[in-house]
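Okay, thanks for having me. I'd like to walk you through one structure today, starting with charges, then the sheet, then the rings.

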Amino acid sequence: MADRNRSSRSRGTLFLILLGFLLAALMVGGVLWAKSHITWIKEQRGGNAWYLTYEARSVRGEARATAVRYRYDPDQHKAKHRDEQLGSTKLPWSTKVVVNTGAEARVEVTPAGDGVASCRILLDGVRVVAQGTSPGPGKPAVCDVITSSTPEKWPR
């Protein structure tokens, strides 16, 4: 009788151990599946965009731009961009925009007179992803970059 209880108890323990391994394997498999498919899921639902900051500064000359042009996407669920043009603008200048994944982010700054300007595009207000300086006095500084087409993964 003692052998029968011991045998039944060891089978129960073995069953619980195997069940634990099975649950652990399912959890690990689920995490790995989700990690590899989350980008695909986000692409299917649409509305993937990058939050960028456009900046312009005067490097030399008057702290003013005769024109500032920039591109953004007014609706992150539609693949239609909008170009904005400002007239005379005091430098330094900056604005925050949304640009869809795989789209062009662009800012162009034309310095006043014989001035020289610079521009930058920052990802999440921190990481510089594009920068430029006027090639000569009075010439526009241009910054442009194609945003990463993969949501949440901007190349280094």
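**Charges, strands and rings**

Let's start with a set of charged residues: Arg69, Arg71, Asp83, Glu104, Arg106, Glu108 and Asp144 are linked in a network of salt bridges. Before I go on, please keep in mind that this is a predicted model.

Let me pull one contact out of that network. Glu108 and Arg106 join their side chains in a salt bridge, 3.2 Å from N to O. Are these two buried or exposed, or something in between? Glu108 has 16% relative accessibility and so counts as buried. Arg106 comes out at 27%, which puts Arg106 in the partly exposed class.

How many salt bridges are there in the structure? The count is 9. The one I'd like you to look at is Arg120 with Glu55, where the closest N and O atoms sit 2.9 Å apart. Arg120 belongs to strand β7, residues 116-123, and Glu55 to strand β1, residues 49-60, so this pair ties together parts that are 65 residues apart in sequence. As for accessibility, Glu55 is at 15% and counts as buried, while Arg120 is at 29% and counts as partly exposed.

Now, which residue in β7 is the bridge partner of Glu55? That's Arg120 again. So we have these two residues matched up in the strand pairing, and their side chains in a salt bridge as well. On the general side, strands of a sheet pair through backbone hydrogen bonds, either parallel or antiparallel. Here β1 and β7 run antiparallel, and 8 bridges join them.

One more charged pair before we leave the topic. Glu62 and Arg64 also meet in a salt bridge, with 3.9 Å from N to O. Both are partly exposed: Glu62 has 48% relative accessibility, and Arg64 has 29%.

Okay, let's zoom out to the sheet. Four strands make an open sheet, and the order is β5-β1-β7-β8, with antiparallel pairing. Which strands stand at the edges? Those are β5 and β8, the latter being residues 127-133. Each has a single partner strand, so one side of each is left without a neighbour in the sheet. If you ignore direction, neighbouring strands in this sheet are turned by 20 degrees against each other on average.

Last topic: rings. By the rule used here, there are 3 aromatic pairs. Tyr54 and Tyr70 make one that is edge-to-face, with 5.9 Å from centre to centre and 65 degrees between the planes. Tyr54 sits in strand β1 and Tyr70 in strand β2, residues 64-72, so the pair connects parts that are 16 residues apart in sequence. And Tyr54 is buried, with a relative accessible area of 0%. Tyr70, at 12% relative accessibility, counts as buried too.

Tyr70 also has Trp93 as a ring partner: the centres are 5.5 Å apart and the planes are at 45 degrees, so this pair is tilted. That contact links distant parts of the chain, from Tyr70 in strand β2 to Trp93 in strand β5, residues 93-100, which are 23 residues apart. Like Tyr70, Trp93 is buried.

Put the ring pairs together and you get a cluster of Tyr54, Tyr70, Tyr72 and Trp93. If you rotate the model yourselves, I'd look at that cluster next to the Arg120 and Glu55 salt bridge. That's my tour, so over to you for questions.

How values were computed. Residues are numbered from 1 along each chain as its sequence is written. This is a predicted model: local features need pLDDT of at least 70, side-chain atom pairs count only at pLDDT 80 or more; totals for chains, interfaces and linings use all residues. Side-chain values use heavy atoms; hydrogens and water are left out. A salt bridge is a side-chain nitrogen of Lys or Arg within 4 Å of a carboxyl oxygen of Asp or Glu. Buried means under 20% relative accessible area, exposed over 50%, partly exposed in between (1.4 Å probe, protein chains only). Rings of Phe, Tyr and Trp (its six-membered ring) pair if their centres lie within 6.5 Å; planes under 30 degrees apart count as stacked, over 60 as edge-to-face and the rest as tilted. Two strands pair if DSSP finds at least two bridges between them. Axes are lines fitted to C-alpha atoms, for helices over the stretch in contact, and angles run from 0 to 180 degrees between N-to-C directions.
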